[in-house]
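Biologist: I would like to learn how to read a model like this one. Can we take it feature by feature?

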Amino acid sequence: MEDDAWTHSKAMDPHRPLYRVAVADEAQRWLYASGATGEVVRDASFTERSWGWLGAWLHWLTIFCGGRVRWRFRGRYKSGSSSPDRKGFARRHHILGLGGGVLALTRVLSGLFSMNPSKMFEAPGTKPDRAPYAGDPQRAEKAGDVGALLRRQLCGGTERQAPVVHERRALREAAARLLPQSRIVEQEWLQRNDADYYSREPHTMTGQRERPLPVLRLRFDDPQSHWVVIDPANGHIVQLSSSRRSAGCLLFCTASICPCS
């Protein structure tokens, strides 16, 4: 397995794929073994897993629901207020508690969406295969237009430039092997970030991912509307996504009360 709710930490990345073993001990632990070294790098007991799911929800939902029940959206209390607390600290506490509950609920939802529960944002059907894109190992001088591109980048200056027409064609032909049963229907040379391709601050989630510019984006006509973004400086795939993953990003950002771009 690649990851689950208990192994999202980036510290686990060098050990993926992981092997999960359910142990029939008193704690009903799950042990996670490294796919690289075989050592146990994580354990999660039944108690930890249970409270991991329930703890935050129970705490914040109890506060929020209690305040919500006491707030009258229809009708008023005898004082004419929607809150049973007329004034002073108690009223401010009630209103601030409701606001904090809404904020906490959105944060819980954003955390849930970030974990991709039940793989709800994974596109069904045929998935892009990176192996045919990489192709067989070969020397750069025998790699045709792609080899010329790599040699120019390795031996030339550091300035990033759009590939010439024949090099762009070579990247397109290589990318077509990701989904051979589909066609590339759109080709775009990105000079700046947009709603689907953007960088994040280093300290934020996924902030370690590089988002170089300019890059080449190609869209497929498959049912999941996959697209791939390729760095022409080295031929690396820097983004491989679909319409469903884009919807997941939108839900995550909306729940986080932040812009997706």
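Modeller: We will go from the overall fold to the sheets, then to burial and charge pairs. Keep in mind that this is a predicted model.

Biologist: Start with the fold. How many helices and strands does the secondary structure of the chain come to?

Modeller: Six helices and seven strands. Along the sequence they follow the pattern β-β-β-α-α-α-α-α-β-β-β-β-α.

Biologist: What share of the 261 residues in the chain is buried?

Modeller: Buried residues make up 31%. The accessible surface of the chain is about 16,500 Å², and 56% of that belongs to carbon and sulfur atoms. For contacts, take those with a separation of 6 or more: 49% of them link residues 24 or more positions apart.

Biologist: Now the sheets. In what order do strands 1, 2 and 3 sit in their sheet?

Modeller: The order is 1-2-3, in an open sheet with antiparallel pairing. Strand 1 (18-22) and strand 3 are the edges; each has a single partner strand, so one side of each has no neighbour in the sheet. The twist averages 20° from one strand to the next.

Biologist: How do I read the register within that sheet?

Modeller: Look at bridge partners. Strand 1 and strand 2 run antiparallel and are joined by five bridges. There, Leu18 has Ser34 of strand 2 as its bridge partner. Strand 2 (residues 30-34) and strand 3 (residues 40-44) are also antiparallel, over four bridges. Trp30 is partnered by Ala44 in strand 3.

Biologist: Which residue takes a positive phi in the hairpin of strand 2 and strand 3?

Modeller: Gly38, with a phi near 85°. That hairpin has five residues between the strands.

Biologist: And the other sheet: what is the order of its four strands?

Modeller: The order is 4-5-6-7, again an open sheet with antiparallel pairing. Its edge strands are strand 4 (184-190) and strand 7 (237-241), each pairing on one side only. Here the twist averages 15° from one strand to the next.

Biologist: Walk me through its pairs.

Modeller: Strand 4 pairs with strand 5 (residues 215-220) in the antiparallel sense over six bridges. Ile184 stands opposite Phe220 in strand 5. Gln181, in the loop between helix 5 (165-175) and strand 4, is 39 residues from Phe220 in sequence, yet their C-alpha atoms are 9.9 Å apart. At 49% relative accessibility, Gln181 is partly exposed, because the exposed class begins only over 50%.

Modeller: Then take strand 6 (residues 227-230) and strand 7, an antiparallel pair with four bridges. Val229 has Gln239 in strand 7 as its bridge partner. Six residues lie between these two strands in the hairpin, where Gly235 takes a positive phi near 80°.

Biologist: Strand 7 is an edge strand. Is strand 7 largely enclosed or largely open?

Modeller: Largely enclosed by the rest of the structure, because four of its five residues are buried. Consider Ser241, which lies in strand 7. Ser241 is buried, at 11% relative accessible area. Leaving aside residues up to four places away in sequence, Ser241 touches Ser225, His226, Trp227 and Ser246.

Biologist: What about the opposite case, an exposed nonpolar side chain?

Modeller: Trp51 is one, in helix 1 (residues 46-70). Its relative accessible area is 56%, so Trp51 is exposed. With Trp53 and Leu54, Trp51 forms a nonpolar surface patch of about 360 Å² of accessible area together.

Biologist: Last topic: charge pairs. What is the general idea?

Modeller: Side chains of opposite charge can pair when their charged atoms come close. In this model the count is nine salt bridges.

Biologist: How far apart are the closest N and O atoms of Asp13 and Arg16?

Modeller: They are 2.8 Å apart. Asp13 is partly exposed at 31%, whereas Arg16 is buried at 19% relative accessibility. Asp25 and Arg29 form another salt bridge, with closest N and O atoms 2.7 Å apart. Asp25 is partly exposed at 24%, and Arg29 is partly exposed at 30%.

Biologist: Which residue forms a salt bridge with Arg42?

Modeller: Glu48, with closest N and O atoms 2.8 Å apart. Beyond single pairs, Glu186, Asp196 and Arg219 are joined into one network by salt bridges that share partners.

Note on methods: Residues numbered from 1 in each chain as written. Predicted model: local features only at pLDDT ≥ 70, side-chain atom pairs only at ≥ 80, totals over all residues. Heavy atoms only, no water. Pairing = 2+ DSSP bridges. Axes fitted to C-alpha atoms, helices over the stretch in contact; angles between N-to-C directions. Patch = residues over 30% accessible without salt bridge, like charges linked within 9 Å, V, L, I, M, F, W, Y side chains within 5 Å. Areas by Shrake-Rupley, 256 points an atom, 1.4 Å probe, with all protein chains shown as cover. Salt bridge = Lys/Arg side-chain N within 4 Å of Asp/Glu carboxyl O. Buried < 20%, exposed > 50% of the residue type's maximum accessible area, 1.4 Å probe, protein only. Contact = heavy atoms within 4.5 Å.
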